[in-house]
Amino acid sequence: MSIISSIGRLAAEFSAARARYQTERTIRSLPVELQKDIGWPDAFEKKVGQNHGVGSWSGSK
């Protein structure tokens, strides 16, 4: 694997992690009633255990 492809992969992972973070932040800023209507807390908690990517920004520690 070349350095350029590694950098590209890391950039893509970082971009995806940032998009997930921004989405979560936006949803959490909605009123609680709307969060419940879209099933936010329950839907999020089910996916927390899943790995979204391979890398340091994937959300797994």
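These legends go with a set of close-up views of a predicted model.

**View 1. The whole chain is an all-helix affair, with three helices and zero strands.**
Reading from the N terminus on, the elements run α-α-α. Helix α1 covers residues 3–28, helix α2 takes in residues 32–37, and helix α3 spans residues 40–47. Not much is tucked away here: of the 61 residues, 10% count as buried. The accessible surface of the chain adds up to about 5,100 Å², and carbon and sulfur atoms account for 61% of that.

**View 2. Confidence varies from one helix to another, with α1 at the top and α3 at the bottom.**
The chain averages a pLDDT of 81, and 67% of the residues score at least 70. Among the elements, helix α1 has the highest mean pLDDT, at 94, while helix α3 has the lowest, at 70. A word of caution for browsing: where pLDDT is low, the predicted coordinates should not be read in detail.

**View 3. Helix α1 has the end-to-end span expected of its 26 residues.**
At 1.5 Å a residue, α1 should span 38 Å. Its end C-alpha atoms sit 37 Å apart, which agrees with that figure. The buried residues of this helix are Glu13, Ala17 and Ile27.

**View 4. Arg9 and Glu13 pair up in one of the two salt bridges of the structure.**
Their side chains meet at 3.3 Å, taken from N to O. Both residues belong to helix α1 and are four residues apart, about one turn of the helix. An α-helix has 3.6 residues a turn, so residues three or four places apart point the same way. The partners differ in how much cover they get: Glu13 counts as buried because its relative accessibility is 17%, under the 20% cut-off. Arg9, at 37%, counts as partly exposed.

**View 5. Glu24 and Arg28 form a salt bridge further along helix α1.**
Here the closest N and O atoms are 2.9 Å apart. The spacing is again four residues, about one turn of the helix. Glu24 has a relative accessibility of 23%, so this residue counts as partly exposed. Arg28 also counts as partly exposed, at 47%.

**View 6. The side chain of Thr23 reaches back to the backbone of Ala19.**
A polar atom of the Thr23 side chain lies 2.9 Å from the backbone oxygen of Ala19. Thr23 is found in helix α1. With a relative accessible area of 46%, Thr23 is partly exposed.

**View 7. Gln35 is a buried residue whose side chain contacts the backbone of Leu30.**
Look for Gln35 in helix α2. Its side chain reaches the backbone oxygen of Leu30 at 2.9 Å. Gln35 counts as buried because its relative accessibility is just 11%, where the cut-off is under 20%.

**View 8. Leu30, Leu34 and Ile38 make a nonpolar patch on the surface.**
Together these three side chains give a patch of about 260 Å². Leu34 is in helix α2, which runs over residues 32–37. Leu34 has a relative accessible area of 42%, so this residue is partly exposed. Leu30 turns up in the previous view as well, where its backbone oxygen is met by the side chain of Gln35. That puts two residues of helix α2 into these last views: Gln35, which counts as buried, and Leu34, which is partly exposed.

How values were computed. Residues are numbered from 1 along each chain as its sequence is written. This is a predicted model: local features need pLDDT of at least 70, side-chain atom pairs count only at pLDDT 80 or more; totals for chains, interfaces and linings use all residues. Side-chain values use heavy atoms; hydrogens and water are left out. Patches are made of residues with over 30% relative accessible area and no salt bridge: like charges are joined within 9 Å, nonpolar side chains (Val, Leu, Ile, Met, Phe, Trp, Tyr) within 5 Å. Accessible areas come from the Shrake-Rupley method with a 1.4 Å probe; for residues, only the protein chains shown count as cover. A salt bridge is a side-chain nitrogen of Lys or Arg within 4 Å of a carboxyl oxygen of Asp or Glu. Buried means under 20% relative accessible area, exposed over 50%, partly exposed in between (1.4 Å probe, protein chains only). pLDDT is the predictor's confidence in each residue, from 0 to 100. The expected span of a helix is 1.5 Å times one less than its number of residues. A polar contact is a pair of N or O atoms within 3.5 Å; within protein, one must be able to donate a hydrogen and the other to accept it, and residues adjacent in sequence count only if both atoms are side-chain atoms.
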